[in-house]
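Me: I'm new to reading protein structures. Could you take one strand and walk me through what surrounds it?

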Amino acid sequence: MGSLYVKGMTVHTLSGLDNLLSISGNLGISENQSLVSLEGLESLQSIGGYLDFQNNSGLSGINALQSLTSVGGNVFVSSSQLSHIEGLSSLQTVGGYLKLKDIPNLLKLEALASLESVGGTLAIDNCSGLSTLDGLSSLSEIGENLLIRDNGSLQHITGLSGLE
């Protein structure tokens, strides 16, 4: 499949996409107030372009992305209702930037324990509930900048000790 965009829909899940293994282009999921689950994306292993996930107020997690190991472009996750990102637990490489922004209910990053490299900037911005970056211990390479901003509960950044 080239690209997949789900925006402003009234669907509750993404059932029907169960056999989708890869997307050569982009995956955009945004502004879907009725979406309560990413069910249907459990088999997705790679995205050649970007992953853009924002403003899906019915979702508290993105568990269905648990098979995703690589994104060739950018990853942008922003959703005020999101409380966990366990669906990114198999993600190893991001070719572009990885930006987690405006996720006040996100408390930990352990779901990113498999992440080894980010080709662009790693930005963690306005995730006010986050107290540690411990889940990033496997991360050894950031191709551009590291931006950690407006994370009021962040107590230490020792989780970045694997950076070379």
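Reply: Here's a close look at strand 7 and its surroundings. This is a predicted model, where local features need pLDDT of at least 70, side-chain atom pairs count only at pLDDT 80 or more, and totals for chains, interfaces and linings use all residues. Residues are numbered from 1 along each chain as its sequence is written, and side-chain values use heavy atoms, leaving out hydrogens and water.

Strand 7 covers residues 75-78; strands here are DSSP runs (E, at least two residues), numbered from the N terminus. In a regular strand, side chains alternate between the two faces of the sheet. Here, Val 75 and Val 77 point one way while Phe 76 and Ser 78 point the other, and all are buried (under 20% relative accessible area, with a 1.4 Å probe and protein chains only).

Now for the neighbours. Two strands pair if DSSP finds at least two bridges between them. Strand 5 pairs with strand 7 in the parallel sense over four bridges, and Phe 53 sits opposite Val 77. Strand 9 also runs parallel to strand 7, joined to it by three bridges, with Phe 76 opposite Lys 99.

Strand 7 also supplies at least two residues of the largest nonpolar core, which has 45 residues. Such a core is a set of buried Ala, Val, Leu, Ile, Met, Phe, Trp, Tyr and Cys residues joined through side-chain atoms within 4.5 Å. Leu 100 is among those with the most contacts inside it. Beyond its neighbours within four places in sequence, Leu 100 is in contact (heavy atoms within 4.5 Å) with residues including Val 77, Ile 85 and Leu 109.

Terms used: Buried < 20%, exposed > 50% of the residue type's maximum accessible area, 1.4 Å probe, protein only.
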